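Student: Could you take one part of this model and walk me through it closely? I'd like to see how a single piece fits with what surrounds it.

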Amino acid sequence: MPHLTLEYSANLSDTLDPPALLAGINAELAASGHFAEPDIKSRATRLDDYLIGLHNNGRGFVHVRLAILSGRTPEVKKELSAAVLAALQAGVPAVDGMAIQLSAEIVDLDRPSYAKVVK
Amino acid sequence: MPHLTLEYSANLSDTLDPPALLAGINAELAASGHFAEPDIKSRATRLDDYLIGLHNNGRGFVHVRLAILSGRTPEVKKELSAAVLAALQAGVPAVDGMAIQLSAEIVDLDRPSYAKVVK
Amino acid sequence: MPHLTLEYSANLSDTLDPPALLAGINAELAASGHFAEPDIKSRATRLDDYLIGLHNNGRGFVHVRLAILSGRTPEVKKELSAAVLAALQAGVPAVDGMAIQLSAEIVDLDRPSYAKVVK
């Protein structure tokens with residue numbers, strides 16, 4: 001942990017640079033002091049089939065889900081989601097005529113049952 | 001929010017119409033009165049590598065995960081999963097000789113740390 | 001339920017056999033006695049855009065998320081994540097010069113709102 005998942009609607013493909021976005025987010029997380037750098041495992045997925053409300057005209061979105069081991073305080077969680085959102089605001093270019101929803105959620109990984117090994 | 005994720009086993013590709021399914025589900029969610037229409041962000045993903053139990057013969061599945069901000073009552077959650085399941089039952093064609101598992105889960109998004117902006 | 005999701009970094013594509021991995025994991029879960037065999041719905045996803053910490057050199061990962069209906073004891077959850085991790089250790093080949101992080105998490109599905117039907 002942590003595990004980070006970034007999803008973006010395919011209509012942002014031409015303007016988004018997913019590797020650069022992940023680099024920006026991971027740098028924020030590494031700098032936060034809450035994680036060991038090699039533990040930050042992030043992925044980006046392009047959503048080809050998506051629907052925003054009842055139509056996609058002039059709409060797009062980028063969503064990040066950050067899963068961390070349970071036990072962090074609400075303050076730390078807010079700090080982390082704010083850091084992720086800041087990286088999205090910096091890294092997702094605006095598109096003329098499009099409202100792009102940027103969002104970040106923090107999820108608790110159940111600590112007692114989380115299992116990990118390095119092979 | 002909400003964020004909705006629909007996954008389907010690839011052996012349903014010939015009979016499923018993912019955009020139509022998402023349209024049916026989003027229409028239900030918009031009509032529920034619990035969400036602003038443009039906030040409903042849905043995606044469908046085809047699963048090419050899947051395994052149901054010990055073999056896939058005569059088996060398929062469609063699963064929906066609906067993530068909503070925490071604080072809704074158990075009654076509202078049941079109502080929402082029932083609406084999603086109804087849309088699946090209406091929108092997923094039966095296939096001769098195949099048992100198709102349709103399922104819907106509701107997940108709470110941690111409200112205090114959820115962060116969003118429209119760019 | 002259960003729903004299992006396996007993700008792997010694309011740099012493991014040459015050495016990983018996702019169908020075999022899912023077969024090994026599902027066999028473990030079926031043998032655990034906690035689930036009906038046809039209910040185990042598993043999928044594997046290759047991650048093409050991923051970033052581990054600040055760079056991917058000599059790094060890879062395989063992560064499994066197992067979602068089960070809420071109400072299991074912490075002991076059962078630990079047993080299940082251990083079984084999944086054992087299947088990963090058995091099924092993910094080591095790669096010279098690469099540190100492969102293997103991890104397993106257990107997630108509760110909200111039981112009251114979980115809806116399912118077989119069509």
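Tutor: Happily! Let's look at helix α1 of chain B, remembering that this is a predicted model. Six names to find on your screen are P18(B), L21(B), L22(B), I25(B), N26(B) and L29(B), which are buried in α1(B). Now turn the view until you look straight down the helix. Seen that way, the buried residues of α1(B) fall within an arc of 125 degrees, so they line one face of the helix. A general rule helps here: an α-helix has 3.6 residues a turn, so residues three or four places apart point the same way.

The helix itself covers residues 18-31 of chain B, which makes 14 residues. From its first C-alpha to its last, α1(B) reaches 20 Å, close to the 20 Å expected at 1.5 Å a residue. After α1(B) comes G33(B), with a positive phi near 85 degrees.

What does the buried face lie against? In chain B, the buried residues of α1(B) pack against β1 (3-9), β2 (41-47), β4 (59-69) and α2 (74-91). There is also a partner from another chain, namely β3 (49-52) of chain A.

One of those partner strands, β1 of chain B, contains T5(B). With a relative accessible area of 19%, T5(B) is buried; the cut-off for that word is under 20%. T5(B) touches R43(B), H63(B), V64(B) and R65(B), leaving aside residues up to four places away in sequence. Take R43(B): T5(B) and R43(B) are 38 residues apart in sequence, but 5.1 Å apart in space from C-alpha to C-alpha.

Let's go over to chain A for its own α1. The buried residues of α1(A) are P18(A), L21(A), L22(A), I25(A), N26(A) and L29(A). Down the axis of α1(A), these buried residues fall within an arc of 125 degrees, so they line one face of the helix. α1(A) has 14 residues and spans 20 Å from first C-alpha to last, close to the 20 Å expected at 1.5 Å a residue. G33(A) follows α1(A) and has a positive phi, near 80 degrees. The cover over the buried residues of α1(A) includes β1, β2, β4 and α2 of chain A, together with β3 of chain C.

Now for the sheet. It is an open one of six strands, in the order β6(B)-β5(A)-β4(A)-β1(A)-β2(A)-β3(C), with mixed pairing. β6 (115-118) of chain B and β3 (49-52) of chain C stand at the edges, each with a single partner strand, so one side of each is left without a neighbour in the sheet. On average, neighbouring strands of this sheet are turned by 10 degrees against each other, direction ignored. Helix α1 (residues 18-31) of chain A packs on the sheet, touching β1 (3-9), β2 and β4 (59-69) of chain A as well as β3 of chain C. The direction of α1(A) makes about 25 degrees with that of β3(C). Helix α2 (residues 74-91) of chain A packs on the sheet too, touching β1, β4 and β5 (99-109) of chain A along with β6 of chain B. The direction of α2(A) makes about 150 degrees with that of β5(A).

Where chain C joins in, β2 (residues 41-47) of chain A and β3(C) pair in the antiparallel sense over four bridges. Within that pairing, R43(A) has Y50(C) as its bridge partner in β3(C).

Chain C gives us a good view of a β1 strand. In β1 (residues 3-9) of chain C, seven of the seven residues are buried. H3(C), T5(C), E7(C) and S9(C) point one way from β1(C), while L4(C), L6(C) and Y8(C) point the other way. Seven bridges join β1(C) to β2 (residues 41-47) of chain C, and the two run parallel. One such pair is H3(C) with K41(C), its bridge partner in β2(C).

Finally, step back to the whole chain. Chain A has two helices and six strands, and along the sequence they follow the pattern β-α-β-β-β-α-β-β. Of the 119 residues in chain A, 55% are buried. A rotation of 120 degrees, with 0.0 Å of shift along its axis, superposes chain A on chain C with an RMSD of 0.0 Å. That is the relation of a three-fold axis.

Terms used. Residues numbered from 1 in each chain as written. Chains lettered and ligands numbered in written order. Predicted model: local features only at pLDDT ≥ 70, side-chain atom pairs only at ≥ 80, totals over all residues. Heavy atoms only, no water. Pairing = 2+ DSSP bridges. Axes fitted to C-alpha atoms, helices over the stretch in contact; angles between N-to-C directions. Contact = heavy atoms within 4.5 Å. Expected span 1.5 Å × (residues − 1). Buried < 20%, exposed > 50% of the residue type's maximum accessible area, 1.4 Å probe, protein only. Arc of directions from axis to C-beta. Least-squares fit on C-alpha atoms with pLDDT ≥ 70 in both.
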